[in-house]
Amino acid sequence: MQFLLIMYGNPRIWDALTEDERHEVMSGHGAFMETVTGTGEMIGTVALADPSQSAVVRVRGGVPAVTDGPYLESKEYLGGYYLVECDSRERALELAALIPDAGVEGLGVEVRPVVFASTADG
């Protein structure tokens, strides 16, 4: 079974951490990636840029309109994810608990089953 382990960012919470705490979270991702790569459960991962660097494209009347910035004003935003393959939901929850963001007060890791996936190769 494939699961998306989704991490959300919150600038207010991140900015309240000390430099050492931020470093611990970031370096913890390296340890997590080593763990799930070593077990063969890692499929892939993506870290996203800050929402201020995003753009929203809407097509109205056949004409694209581009707006800079995040789609929604919110306190949390999608920061990245890990795509893993493991035997059960319970194992996916165990893996999510290993992601350092799960240990930061006010943050968490969403675990969502993948129901369809495809690649450019077909």
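Trainee: What share of the 122 residues in the protein chain is buried?
Mentor: Buried residues make up 26% of them. Keep in mind that this is a predicted model. The protein chain exposes about 8,200 Å². Carbon and sulfur atoms supply 54% of that area.

Trainee: How many helices and strands are there in the protein chain?
Mentor: There are 3 helices and 6 strands. Read them from the N terminus on: the order is β-α-α-β-β-β-β-α-β. For overall extent, take the C-alpha atoms along the principal axes. They fill a box of roughly 50 × 45 × 20 Å.

Trainee: Among contacts between residues at least 6 apart in sequence, what percentage join residues at least 24 apart?
Mentor: The figure is 73% for this protein chain.

Trainee: Now the interior. Which residues touch the most other members of the largest nonpolar core?
Mentor: Start with the general idea. In soluble globular proteins, nonpolar side chains tend to be buried together. Here, the largest nonpolar core has 14 residues. Leu-5, Phe-32, Tyr-82, Val-84, Leu-95 and Ile-99 touch the most other members.

Trainee: Which elements give two or more residues to this core?
Mentor: Two strands and two helices do. The strands are S1 (2-9) and S5 (77-85). The helices are H2 (19-38) and H3 (89-98). There is also a second, separate core of 5 residues. Its members include Ile-13, Leu-17, Val-25 and Leu-107.

Trainee: Take one core member. What is Leu-95 in contact with, leaving aside its neighbours within four places in sequence?
Mentor: Leu-95 meets Leu-5, Phe-32, Val-36, Glu-41, Val-84 and Cys-86. Pick out Glu-41 from that list. We will follow that residue next.

Trainee: Where is Glu-41 found, then?
Mentor: Glu-41 sits in the loop between H2 and strand S2 (42-47).

Trainee: Is Glu-41 buried or exposed?
Mentor: The cut-off for buried is under 20% relative accessible area. Glu-41 has 9%, so this residue is buried.

Trainee: Which residues is Glu-41 in contact with, again leaving aside its neighbours within four places in sequence?
Mentor: Among them are Val-36, Leu-83, Val-84 and Leu-95. Glu-85, Cys-86 and Arg-91 are also in contact with Glu-41. The side chain of Glu-41 makes a polar contact too, with the side chain of Thr-39 at 2.7 Å.

Trainee: How many salt bridges does the structure hold?
Mentor: General idea again. Side chains of opposite charge can pair when their charged atoms come close. The structure holds 4 salt bridges. In one of them, the side chains of Glu-41 and Arg-91 meet at 2.9 Å, N to O. That pair links distant parts of the chain, 50 residues apart. Glu-41 is in the loop between H2 and S2, while Arg-91 is in helix H3. Arg-91 has 24% relative accessibility and so counts as partly exposed.

Trainee: What else does Arg-91 form a salt bridge with?
Mentor: With Glu-94, where the closest N and O atoms are 3.1 Å apart. Both residues lie in helix H3, 3 residues apart, about one turn of the helix. Glu-94 is partly exposed at 47% relative accessible area.

Trainee: Which residue meets Arg-112 in a salt bridge?
Mentor: Glu-110 does, at 2.5 Å, N to O. Glu-110 is partly exposed, with 24% relative accessibility. Arg-112 is partly exposed as well, with 43%. Now join up partners that are shared. Glu-41, Arg-91 and Glu-94 form one network of salt bridges.

Trainee: Try a charged residue without such a partner. How far away is the nearest side chain of opposite charge from Asp-101?
Mentor: The distance is 12 Å, and the residue is Arg-22. Asp-101 is buried yet has no salt bridge. The side chain of Asp-101 does make a polar contact with the side chain of His-29, at 2.6 Å. Asp-101 lies in the loop between H3 and strand S6 (109-113). Beyond four places in sequence, Asp-101 is in contact with residues including Met-7, Val-25 and Leu-107.

Trainee: One last residue. Where is Leu-98 placed?
Mentor: Leu-98 is in helix H3. This residue is partly exposed, at 46% relative accessibility. Leu-98 touches Phe-32 and Thr-35, not counting residues up to four places away in sequence. Compare sequence with space. Leu-98 and Trp-14 are 84 residues apart in sequence and 18 Å apart in space, C-alpha to C-alpha.

Note on methods:
Residues numbered from 1 in each chain as written. Predicted model: local features only at pLDDT ≥ 70, side-chain atom pairs only at ≥ 80, totals over all residues. Heavy atoms only, no water. Core = buried A, V, L, I, M, F, W, Y, C linked by side-chain atoms within 4.5 Å. Buried < 20%, exposed > 50% of the residue type's maximum accessible area, 1.4 Å probe, protein only. Helix = DSSP H or I, 4+ residues; strand = E, 2+ residues; numbered from the N terminus. Contact = heavy atoms within 4.5 Å. Polar contact = N/O pair within 3.5 Å; in protein donor to acceptor, adjacent residues only side chain to side chain. Lys, Arg positive; Asp, Glu negative; His and termini not counted. Areas by Shrake-Rupley, 256 points an atom, 1.4 Å probe, with all protein chains shown as cover.
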